[in-house]
Amino acid sequence: MRAAVVIERSPVPGRCLAVAMLAALSLVGIPRGADAASTGAYYELSNQSSQTGDTYLGPTWVQSSTAQPVDTELQSIGTATVTASAAPGVLRTRVWSVADVESIPSTGVSESSSAHAAAQFIDRITLGVPNPALIGTTVTVNASFLLNGSLSASYGIEGNNSANFDVLAQTVVQVSGTGITGFVTARESHGNQGGVLTNVSDPVPSVIPVQFTAILGSATNIQYQLDLQGNASAGFGFRECGGYGPCGTGASALVDSDFAHSLLWGGIASVMDASGSPIPGFTVSSESGFDYALAVPEPSALALVLLGGVFLAARGRRSRTVSREL
């Protein structure tokens, strides 16, 4: 019988959400205890515009207390779209945001679009062995995650390039959890703010090593999270049109980061004793029922095409042609 999925939405945050979503790089956590198997998917969206006002979709968790698969489905506000899903061994996220403005006579204009998604699973695993004399032995578990996704952040300028404009596209992905050293972080940040170029590119790792200790025959808590954030912003100063420069200048930023196929458990490669010798014939059981001894298979190419098509159709938003800055 499928367990009920709980949706928790926090109050709408304040005006500074767009900045806070990318400034706070520490990962969000499922608002419950970590002593049992569970899954959670999180989303938060913001659009801020000097011309049309601000809109928010506040922090929201979709959760299962029995580790059933959960999915936020596609969520959109203005020019921001997000999706996230979680199941034991499988975490997926995707964000898309656009900022697109034109200079206006004697008027400052700005737009910011932010999207934040996270997915997490918590579980309890127990390692067994054929030899009962080894029960109670402390061992080292060597495993991995496979991370398959892309970070895309780009911007474009049309018209008078001498105008004083601010445009920035930035996106960050982080992975953390049991047996992962610190936060595994990759980012793209590209823009031109007051004539100063920003060009940061930290690549996404394809394999994330996992190593932690466990006691044979005893339950061990594990917890993993995939966090993805994107922000696009563009703006012109008060007199950039009709004052210091001609009108008709446009600035746009685009973030399209895709980890919708993406953080997959790579299986347990080995279980070692204190001397570094492998433990033969080990078994793995879990509270969720997921088999952590095995790797999660990669999704088929057809499934990825269909998933991408649904995302693109749902986001169907305006966007200026943006030239990619590398």
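This dialogue goes through the nonpolar core, one strand and the salt bridges of a predicted model.

Reader: Which residues touch the most other members in the largest nonpolar core?

Author: As a general idea, in soluble globular proteins nonpolar side chains tend to be buried together. In this predicted model, the largest nonpolar core holds 65 residues, and Phe 145 and Tyr 224 are the ones that touch the most other members. Strand E16, which covers residues 250-272, supplies the largest share of this core, namely 9 residues.

Reader: Which residues does Tyr 224 touch, leaving out those up to four places away in sequence?

Author: With those sequence neighbours set aside, the contacts of Tyr 224 include the aromatic residues Phe 121, Phe 145, Phe 212 and Trp 265. Leu 91, Ala 119, Ile 180 and Val 210 are also among them, and so are Gln 120, Ser 176, Gly 177 and Thr 178.

Reader: How should I read the two faces of a strand, and how many residues of strand E2 are buried?

Author: The general idea is that in a regular strand the side chains alternate between the two faces of the sheet. Strand E2 spans residues 38-49, and 12 of its 12 residues are buried. One side carries Ser 38, Gly 40, Tyr 42, Glu 44, Ser 46 and Gln 48, while the other carries Thr 39, Ala 41, Tyr 43, Leu 45, Asn 47 and Ser 49, and both faces are covered.

Reader: Which strands pair with E2, and how many bridges join them?

Author: E2 and E8 run antiparallel and are joined by 12 bridges, with Asn 47 having Ser 113 in E8 as its bridge partner. E2 also pairs in the antiparallel sense with strand E3, residues 53-64, over 10 bridges, and here Ala 41 stands opposite Val 62. The connection from E2 to E3 is a hairpin through 3 residues.

Reader: Turning to charged side chains, how many salt bridges are there, and are Arg 94 and Asp 258 buried or exposed?

Author: A salt bridge is read from the distance between a side-chain nitrogen of Lys or Arg and a carboxyl oxygen of Asp or Glu, with a cut-off of 4 Å. By this rule the count is 4. Arg 94 and Asp 258 form one of these, at 3.8 Å from N to O. The pair links distant parts of the chain, since Arg 94 belongs to strand E7 (residues 90-102) and Asp 258 to strand E16, 164 residues apart. Both partners are buried, because the limit is under 20% relative accessible area, and Arg 94 has 8% whereas Asp 258 has 16%.

Reader: What does the salt bridge between Arg 124 and Glu 287 tie together?

Author: The closest N and O atoms of Arg 124 and Glu 287 are 3.6 Å apart. Arg 124 sits in strand E8 (residues 109-128) and Glu 287 in the loop between strand E17 (283-286) and helix H2 (301-315), so this salt bridge ties together parts that are 163 residues apart in sequence. Arg 124 is partly exposed at 27% relative accessibility, and Glu 287 is partly exposed as well, at 45%.

Reader: Where do Arg 187 and Asp 202 lie, and which residues do shared salt-bridge partners join into one network?

Author: Arg 187 and Asp 202 form a salt bridge with closest N and O atoms 3.3 Å apart. Arg 187 is in strand E12 (residues 184-193) and Asp 202 in strand E13 (residues 196-202), so the parts tied together are 15 residues apart in sequence. Arg 187 is partly exposed, with a relative accessible area of 25%, and Asp 202 is partly exposed at 32%. As for the network, salt bridges that share partners join Arg 94, Asp 256 and Asp 258.

Conventions. Residues numbered from 1 in each chain as written. Predicted model: local features only at pLDDT ≥ 70, side-chain atom pairs only at ≥ 80, totals over all residues. Heavy atoms only, no water. Core = buried A, V, L, I, M, F, W, Y, C linked by side-chain atoms within 4.5 Å. Buried < 20%, exposed > 50% of the residue type's maximum accessible area, 1.4 Å probe, protein only. Helix = DSSP H or I, 4+ residues; strand = E, 2+ residues; numbered from the N terminus. Contact = heavy atoms within 4.5 Å. Pairing = 2+ DSSP bridges.
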